[in-house]
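Reader: Could you walk me through this one, contact by contact? I'd like cut-offs along with the numbers.

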Amino acid sequence: HLLKAGHQNIAFVSPAYENTSTIEERIEGYRNALADGGVVVDPKICFNQLFSTLPPAFEADKTHKDLEALRAHFELYPQITAVVASEYNAALLVYEALRQLDRRNDVKIACFDYPHHALRAPLFTYIRQDETGMARLAIDILLKRLAKESVPLHHIVPHTLVEVEPS
């Protein structure tokens with residue numbers, strides 16, 4: 001989506017990813033997508049120092065520190081034209097940091113997941129995962145393991161790109 005729109009300097013924003021398989025897999029997907037699009041990943045433009053998006057860290061002081069760090073990052077790397085955020089709350093932080101820098105309209109944001117809310121539409125293009133399918137697969141794997149059956153180490157669950165136009 002971002003590559004098709006012509007973006008070349010696409011940052012990945014997340015909490016620290018060590019020992020967090022979900023974030024590690026999302027970063028791997030980000031890197032693979034850029035490589036498939038002929039774009040070399042510039043690790044300097046990526047930011048993996050968020051703290052306020054991790055439970056139980058939803059605290060004002062951590063949010064302010066994250067915003068300050070993100071503003072500094074975007075000022076240091078003005079070539080960033082798009083961001084892939086590891087999850088919706090990270091995308092909201094990116095959005096706010098860019099708004100504070102008056103760069104909100106200069107950088108396209110996409111993210112994983114959207115916490116569906118009846119009164120609020122999503123602000124960003126996002127990847128919707130098949131959570132029901134993931135749950136079914138997890139149960140199937142568990143039952144097979146309990147029955148001493150072998151199961152593959154990796155499974156791919158279908159996902160959908162939901163494109164959202166900025167308002």
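What follows is a chat about rings, salt bridges, a helix and a surface patch.

Author: Quick ground rules: this is a predicted model, where local features need pLDDT of at least 70, side-chain atom pairs count only at pLDDT 80 or more, and totals for chains, interfaces and linings use all residues. Residues are numbered from 1 along each chain as its sequence is written, and side-chain values use heavy atoms, with hydrogens and water left out.

Reader: How many aromatic pairs does a search of the whole structure find?

Author: The rule takes rings of Phe, Tyr and Trp (its six-membered ring) and pairs them if their centres lie within 6.5 Å; planes under 30 degrees apart are stacked, over 60 edge-to-face, and the rest tilted. Run over the whole structure, that search gives a count of five.

Reader: Take Tyr95 and Phe124: what kind of aromatic pair do they form?

Author: Their centres sit 5.8 Å apart. The angle between the planes is 65°, and the cut-off for this class is over 60, so the pair is edge-to-face.

Reader: How many residues apart in sequence are the parts that this pair ties together?

Author: Helices (H or I, at least four residues) and strands (E, at least two) are DSSP runs here, numbered from the N terminus. Tyr95 lies in helix H3 (residues 88-100), while Phe124 is in the loop between strand E4 (108-112) and strand E5 (125-129), so the parts being tied together are separated in sequence by 29 residues.

Reader: Which of those two rings is buried, and which is partly exposed?

Author: Buried means under 20% relative accessible area, exposed over 50%, and partly exposed in between (1.4 Å probe, protein chains only). Tyr95 comes out at 26%, so Tyr95 is partly exposed. With a relative accessible area of 1%, the buried one is Phe124.

Reader: And Tyr114 with Tyr126, what is the angle between the planes?

Author: This pair links distant parts of the chain, with Tyr114 in the loop between E4 and E5 and Tyr126 in strand E5, twelve residues apart. Both are buried: Tyr114 has a relative accessible area of 9% and Tyr126 has 4%. The pair is tilted, 5.4 Å centre to centre, and the planes meet at 40°.

Reader: Which residues do the ring pairs link into a cluster?

Author: You've already met four of the names in the two pairs above. Ring pairs link these residues into a cluster: Tyr88, Tyr95, Tyr114, Phe124 and Tyr126.

Reader: On to charges: what is the distance between the closest N and O atoms of Arg26 and Asp113?

Author: A salt bridge needs a side-chain nitrogen of Lys or Arg within 4 Å of a carboxyl oxygen of Asp or Glu, and the count comes to three. Arg26 lies in helix H1 and Asp113 in the loop between E4 and E5, so this bridge ties together parts 87 residues apart in sequence. Arg26 is buried at 10% relative accessibility, and Asp113 has a positive phi of about 70° although it is not a glycine. The closest N and O atoms are separated by 3.0 Å.

Reader: Which residue forms a salt bridge with Glu96?

Author: Both partners lie in helix H3, three residues apart, about one turn of the helix. The closest N and O atoms are 2.5 Å apart. At 45% relative accessibility the partner counts as partly exposed, and its name is Arg99.

Reader: How wide an arc do the buried residues of H2 cover around the axis?

Author: Helix H2 (residues 60-76) has 17 residues and reaches 24 Å from its first C-alpha to its last, close to the 24 Å expected (1.5 Å times one less than its number of residues). Asp66, Leu67, Leu70, His73 and Phe74 are buried, whereas His64, Lys65, Glu68, Glu75 and Leu76 on the other side of H2 are exposed. Taking directions from the helix axis to the C-beta atoms, the buried set lies on the same side of H2, because the arc is only 125°.

Reader: Last one: what is the area of the nonpolar surface patch?

Author: Patch members have over 30% relative accessible area and no salt bridge; like charges are joined within 9 Å and nonpolar side chains (Val, Leu, Ile, Met, Phe, Trp, Tyr) within 5 Å. Areas come from the Shrake-Rupley method with a 1.4 Å probe, and for residues only the protein chains shown count as cover. One member, Leu143, lies in helix H4 (residues 131-146) and is exposed at 52%. Together, Ile139, Leu142, Leu143 and Leu146 make a patch of about 430 Å².
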